[in-house]
Amino acid sequence: MVASMAAGNETYFYISLWWTLGLGLLMASWGSWRASRGDFARSRLAGTSAGLLLGFLLLFLAYPLLRAALTLGQDEFGKLVPGLAWDRLSDSRIWSLNCLVSLQACGTAWNSLLLGLISGFTTSLLGTVLAFTSERVLPAFRKPLGLFAILPMLMPPFVVGLGLVMLFGRAGVINNWLEESFAWSMGRWLYGLEGLVLAQIFSFTPIAYLMMRGVVQNLNPALDEAAQSLGASRMRILRTVTLPMLLPGFSNACIVGFIESIADFGNPLILAGSYNVLATDIFFSVVGAQLDFGRACAQALVLAAFAMTAIAIQSFFLSESRHVSISGKSDASQAMRLPAPVSFSLASLSVLWIMLLIAVYSFAFAGGFVTTWGRDYSPSLEHLMRGFAIEQDQSNWLLSGPAWDSLLTTLKLALIAAPVSALIALLMAYWMSRLQFVGRSLMNGLSVLAFAIPGTVIGVSYILAFNVPPFELTGTGLLIVICLVVRVLPVSIRSQSAVIQQIDRSLDEASMTLGASLLQTLAKVIWPLIRPAMVAALLYGFVRAMTTESAVIFLVNAEYELATTWIIGRIGQGDYGLALAYCSVLTLIMTAVAFAVQALLGDRRQIRRQEMAANR
Amino acid sequence: MIGVEIKSLTKAYLKRSAPVIDNLNLRIPGSRVTVLLGPSGCGKTTLLRLIAGLEAVDQGCICIEGEEVQHKPANARGVGMVFQNYALFPHMTVFDNVAYGLRSQGIKSEAIERRVQQALKAVSLEPYAQRMPAQLSGGQQQRVALARALVLEPKLVLFDEPLSNLDTQLRKTVRRSIRALQESLGLTVIYVTHDQDEALRIADHIVLMDQGRIVQEGDPSSMFTSPASEFAAQFMAQAHCVDGHIDQDHRVCWGDLVLGSHPGVAQGPCRIALLPNTWELITPQIDVPVLPGAMESGPGQIQGLTGQALVGRGLIRGQVGRIEFAGPFCDLEVLAAQIPEGAVWVRSSVQTFKRGDLVELQIQPGRWFVYPHEPVK
């Protein structure tokens with residue numbers, strides 16, 4: 001949208017490409033030189049590629065953020081004005097506390113903070129309830145809950161928000177029913193903090209559940225037994241042993257939930273109403289009439305600072321929890337059964353949550369397949385046909401529906417971005433966990449930065465950095481792919497690092513002493529052992545690239561329209577039917593791809609891992 | 001013939017921290033087994049990894065058969081290595097594991113087939129070629145690792161605590177098969193362990209290390225019989241070290257107890273290393289009077305015997321305290337007033353002692369060592 005205003009001149013693009021390649025060459029030769037001095041286990045290949053990757057991160061992560069920080073101090077003509085940065089950062093629209101004393105709105109920073117705190121805490125609490133239910137009360141819940149935890153990842157990020165609109169919006173089923181039966185209108189309550197919290201609970205509880213399930217599984221049952229043998233009642237054990245042991249993991253889940261919440265873009269876009277939050281306000285500052293980059297930068301930096309602070313606190317908690325967690329489970333010990341009233345409440349809450357979740361999802365998808373929501377509920381494929389029409393023109397089939405372009409572009413870019421990011425993540429995870437080199441901590445720091453920075457911040461920084469020479473790349477598919485890669489990379493790196501660290505270092509070393517090169521070692525030893533993780537990374541990359549909206553919304557234009565941004569456009573016009581039909585199509589595609597990748601590349605035999613364990 | 005020569009080698013893991021290997025010089029004989037021995041953290045494994053090329057050298061050089069290799073990556077050094085956990089590739093069969101190095105070199109498949117079979121035969125694992133590593137026992141895995149290293153005919157084979165994951169019985173068999181293979185192939189072997197018994201049994205040459213430096217090196221028997229320092233005596237011969245002094249008559253005294261004379265050592269405080277066999281138990285002699293009341297006076301408090309009377313004959317009289325049965329022999333705690341610590345542990349092949357028995361000890365010449373007293377660091 002915004003990018004289209006910078007009509008890219010092809011010459012500029014090629015000049016920028018040369019600059020980029022030059023930088024790559026510089027970093028590659030730096031890596032090669034370091035390898036000759038003893039870094040990277042003396043492998044020039046490793047040095048060159050690590051140099052290239054470091055250059056990639058510097059150019060496409062550090063540089064745009066610096067550029068955004070610089071813009072903060074510049075007026076609209078690009079001149080640095082002293083004091084301007086401070087004025088923008090301390091803007092009352094960001095920090096005002098008016099809502100406490102009057103009916104006026106509070107600043108976006110406070111709004112984001114409040115939303116993040118409520119959502120982070122609530123999702124973690126609900127996640128803990130679900131984790132206890134599936135692990136300790138109703139083991140039969142493990143599968144459906146696991147499925148419900150993964151499903152949202154295969155859906156575009158607005159499904160929950162739209163589902164809530166279908167239920168509770170002005171034309172929503174429940175609102176209509178209340179109005180018709182009791183002539184009572186619930187009004188616009190959904191559009192504001194309450195609706196946002198509700199939507200985020202549905203969106204982020206699955207992640208909290210997955211995290212808390214790991215925490216509950218890692219509780220050492222021997223401690224329960226010890227407490228029982230010391231004569232404690234079940235309730236007392238729950239209160240004095242189990243819950244305190246959960247605390248580090250719970251805090252961690254809260255922080256992750258907080259970061260997810262403040263970086264969330266899809267839900268606020270639909271439901272925020274007048275409750276402005278940073279993530280969407282950054283976007284609204286630069287689209288349309290406002291075009292206030294200074295203000296966008298100020299908000300972006302505040303948002304980034306929130307996220308970085310949360311990450312810093314998280315790493316503190318993680319290092320703390322290392323003292324608390326007990327390694328290794330004793331095989332004989334049995335986890336204590338929870339006291340009956342607790343079990344009952346946990347189970348009822350979980351059942352309620354699952355039912356609500358099913359309701360939200362089914363109403364969301366139903367919204368795409370009825371004639372007019374709120375008035376005519378007759379089933380119809382009209383929205384789908386409208387978006388994805390196929391016409392026959394003489395002998396050619398024509399994809400004449402307006403949704404086709406964005407869908408095909410998204411598929412194309414996601415199919416490029418997913419393998420690229422999985423490969424980059426593999427290399428970076430390997431270099432960082434196995435090799436010694438100058439710049440390793442820089443690389444690690446950049447990957448943490450990429451993890452913490454919310455997508456909107458990346459998006460606005462990209463506009464500022466890549467709309468002007470020397471790296472004028474906006475409006476190109478290349479920049480969108482790069483942006484997708486940067487967004488997918490940190491999670492891929494984390495998951496692959498975790499797997500690589502499980503593989504004993506001596507396997508690589510044995511390979512090296514047997515005369516294999518680094519490339520041979522990677523291909524023949526590391527690759528087969530991390531293949532399942534690679535499959536997961538590929539899938540995650542594809543799905544994330546298909547569904548990401550916050551960062552790329554700044555970069556799309558008429559030529560490169562993406563599915564998510566196109567859907568946002570439809571939502572903006574109130575065309576929920578087509579938006580939801582499109583969401584269903586996307587969900588269907590991603591589920592199909594997930595199954596296909598799993599079938600083609602997946603290695604479900606657990607024997608590998610068992611062998612690895614036995615070999616130690 | 002020199003197998004490996006190491007000159008002024010220095011390695012620190014973190015800059016500005018104390019080096020793990022500190023200006024180390026060492027010559028390792030060819031076609032022999034050299035054991036790097038020392039407590040954990042002494043730098044022996046780091047030294048091995050530096051030779052293998054798995055760690056980068058800070059300073060100094062490493063020559064393998066006269067060729068400087070410190071600038072070469074691990075895969076270009078032609079050095080075989082057997083890891084503590086064997087590091088077998090879990091996703092490959094035994095055959096593929098052994099063939100791995102040959103395939104990396106791009107050797108023809110018929111040749112690979114032949115050489116792998118030969119290597120598996122050498123470690124008597126031919127029937128297991130198509131098994132996965134997880135299906136093998138610890139000792140078999142160990143032999144696969146050995147075959148995998150040897151099939152490349154390396155100039156030098158490095159062993160990093162290869163027996164530490166095996167049980168006692170297997171250790172003996174695997175140790176002897178390693179030694180037999182080494183002798184039949186004339187291999188140069190560097191072998192890292194922290195177990196002095198294993199070192200004494202397998203080595204031609206022992207290099208004792210502590211805190212990144214070489215404390216002493218030599219053949220096993222000389223290392224055992226004449227340890228060069230208190231640390232060496234403690235580590236090689238399991239000596240018990242105590243504070244003593246040398247009087248004006250050059251006598252070595254532990255408290256009031258005179259162990260013997262040691263001419264040529266300056267008067268003053270010293271350290272005495274007592275080997276487990278410093279004390280010899282001798283059957284109590286009837287002519288030595290056992291005074292009444294000796295039994296009643298409690299452990300370590302035997303009264304009524306004057307030290308002088310016994311020391312003249314090299315004898316200490318005491319009483320058996322706790323007994324540790326250890327199979328072919330037993331260790332006795334002998335409580336005696338003349339011993340400054342009140343008791344010593346004595347090894348005895350006679351198993352008939354009971355708690356409270358009266359015994360006599362004799363100090364054996366040459367089974368204790370005197371070292372200068374070093375100020376506490």
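**Strand β8 and the six-stranded sheet of chain B**

Both faces of β8(B) are covered: Thr188(B), Ile190(B) and Val192(B) are buried on one side, and Val189(B), Tyr191(B) and Thr193(B) are buried on the other. In this predicted model, six of the six residues of the strand, which spans residues 188–193, fall under 20% relative accessible area, so β8(B) is largely enclosed by the rest of the structure.

Strand β8(B) belongs to an open sheet of six strands with the order β6-β7-β8-β3-β9-β10 and mixed pairing. The edge positions are taken by β6 (79–82) and β10 (213–218) of chain B, each of which pairs on one side only. Neighbouring strands of the sheet are turned by 20 degrees against each other on average, direction ignored.

On one side, β8(B) runs parallel to β3(B), to which five bridges join it; within this pair, Val35(B) has Tyr191(B) as its bridge partner. Pairing of β8(B) with β7(B) is likewise parallel and extends over five bridges, with Leu158(B) opposite Ile190(B). The connection from β7(B) to β8(B) passes through helix α5 (residues 168–185) of chain B, forming a right-handed β-α-β crossover.

Strand β7 (residues 156–160) of chain B is also joined to β6(B), in parallel, by four bridges, and Gly80(B) stands opposite Val157(B) there. Helix α4 (residues 138–150) of chain B packs on the sheet in contact with β6 and β7, its direction making about 175 degrees with that of β6(B). A further helix, α8 (residues 230–237) of chain B, lies across β3 (33–37), β9 (205–210) and β10, and runs at about 120 degrees to β9(B).

Methods. Residues numbered from 1 in each chain as written. Chains lettered and ligands numbered in written order. Predicted model: local features only at pLDDT ≥ 70, side-chain atom pairs only at ≥ 80, totals over all residues. Heavy atoms only, no water. Pairing = 2+ DSSP bridges. Helix = DSSP H or I, 4+ residues; strand = E, 2+ residues; numbered from the N terminus. Axes fitted to C-alpha atoms, helices over the stretch in contact; angles between N-to-C directions. Contact = heavy atoms within 4.5 Å. Buried < 20%, exposed > 50% of the residue type's maximum accessible area, 1.4 Å probe, protein only. Right-handed = clockwise from strand over helix to strand, strands pointing away.
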